[in-house]
Amino acid sequence: MKLVVFQFAPDAPPVPGILTPRGVVNASPALRPGHTPQETMQVIIDHFERLRPAFEHLVNYAEPRPLDAVKLLPPLPRPGKILCCIGNYWEHAQRDPRPLNMFLKNPEAVIGPGDTIMLPELTEPWIFMHEAELALVIKGPAKQVKREDWKKHVFGYTGLIDVSARGEGRRTWKAGSWLGKSFDTFAPIGPCIVTADEVLDPNDVIVRFWNDGQLRHNYNTDDMEHRVPELIEFASSIMTLNSGDLIACGTNHEGLGALQDGETVEIEVQHVGKMQLKVVDPLKRSWEKGVYMGADSTNPEAVKRHRPQGQTP
């Protein structure tokens, strides 16, 4: 099942919904909403098995709203924690092994489908880059979870763009603090949460990212160095994970490139879906876009590993 938060109209309150092939079904009749959209989604996560029959009834009998007639919001409008893996992909044996490590990204940076990534009016960061990632939606409380028990604490999955301000080379701006990952609008999430039962293996999921229609990221999560069970074990050994928290699984840096004024970008995570965002830079800066990873790329590694056209999410 695909869960969303949406608005009927720009001035309407956010409500929980179920994304179906026919449109968006309002899930509110099946539950008592929380005080905030985030709290409502946490209630759904905590009590989903009890709520599932009512949700399925709504999918079968309620009249859906066309997707183009509603506004999708971030499916987790303000997660308590966003943990992000540092690197975490082998990048096809292009680098040495690294220990698992994570940083915390500012929950206030969250935006959703159709929103705008606003580049800050600071001139010290050298460049602003996109990192398309699979993110785990936690069911908590989770503390000291053994990796063999990871499934008990992953409610579902969503897509996340870890927008990053960088200094010289690939170093994150304000090295040591990771503040360059936490500017407002630097955590687009969505378009939905797909429940875990719809993803057979989170370490076999295709992640793609387009910049003005050109494919940039194009990788499979089977290339993770530290896989999903280890991520849950590691994070929960340090802190308690609560329902609605997120763990972003890191990115394959091949295809990494700049974000700049006027661009339209899209992230697509297999099973989750695709969302589009705009980029605005008040200073109108420009950089090289990065490595194109599509079918007719001139990058030798992209050519060698490009997946057949018929294999789509």
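**Loops, helix faces and overall build**

Biologist: Which two elements flank the loop that holds Met 293?
Modeller: Ground rules before anything else: this is a predicted model, where local features need pLDDT of at least 70, side-chain atom pairs count only at pLDDT 80 or more, and totals for chains, interfaces and linings use all residues. Residues are numbered from 1 along each chain as its sequence is written, and side-chain values use heavy atoms, with hydrogens and water left out. Helices (H or I, at least four residues) and strands (E, at least two) are DSSP runs, numbered from the N terminus. On that scheme, the loop with Met 293 runs between β18 (273-280) and α4 (300-305).

Biologist: Is Met 293 buried or exposed?
Modeller: Buried means under 20% relative accessible area, exposed over 50%, and partly exposed in between, using a 1.4 Å probe and protein chains only. Met 293 comes out at 6%, and therefore counts as buried.

Biologist: Lys 284 has a positive phi without being a glycine; what is its exposure class?
Modeller: Lys 284 is in the loop between β18 and α4, with phi near 55°. Its relative accessibility is 55%, so Lys 284 counts as exposed.

Biologist: And Asp 212, what class does that one get?
Modeller: Asp 212 is in the loop between β14 (206-211) and β15 (214-220), and its phi is positive too, about 50°. Its relative accessibility is 41%, so Asp 212 is partly exposed.

Biologist: Why do the buried residues of α1 line one face of the helix?
Modeller: In α1 (residues 37-46), the buried ones are Gln 38, Thr 40, Met 41, Ile 44 and Ile 45. The arc is that of the directions from the helix axis to the C-beta atoms. Down the axis of α1 the buried residues line one face because they fall within an arc of 160°.

Biologist: Which elements do those α1 residues pack against?
Modeller: Contact here means heavy atoms within 4.5 Å. By that rule, the buried residues of α1 pack against β1 (2-7), β2 (15-20), α2 (48-61), β10, β11 and β13 (187-195).

Biologist: How wide is the arc for the buried residues of α3?
Modeller: Val 228, Leu 231, Ile 232, Ala 235 and Ser 236 are buried in α3 (residues 228-238). They sit on the same side of α3 because their arc is only 110°.

Biologist: What does that side of α3 pack against?
Modeller: The partners of its buried residues are strands. They are β5 (82-85), β6 (102-105), β10 (132-138), β11 (154-161) and β16 (246-248).

Biologist: Which residue follows Gly 190 across a cis peptide bond, and where does it lie?
Modeller: Omega of that bond is about 5°. The residue joined to Gly 190 is Pro 191, and Pro 191 lies in strand β13.

Biologist: Where is the proline after Gly 140?
Modeller: The bond from Gly 140 to Pro 141 is cis, with omega near -5°. Pro 141 lies in the loop between β10 and β11.

Biologist: What radius of gyration does the chain have?
Modeller: The radius is taken over C-alpha atoms, and the globule rule is 2.2 Å times the number of residues to the power 0.38. The chain has 4 helices and 18 strands, and its C-alpha trace spans about 50 × 45 × 40 Å along the principal axes. With 313 residues, a compact globule would be near 20 Å, which agrees with the chain's 19 Å.
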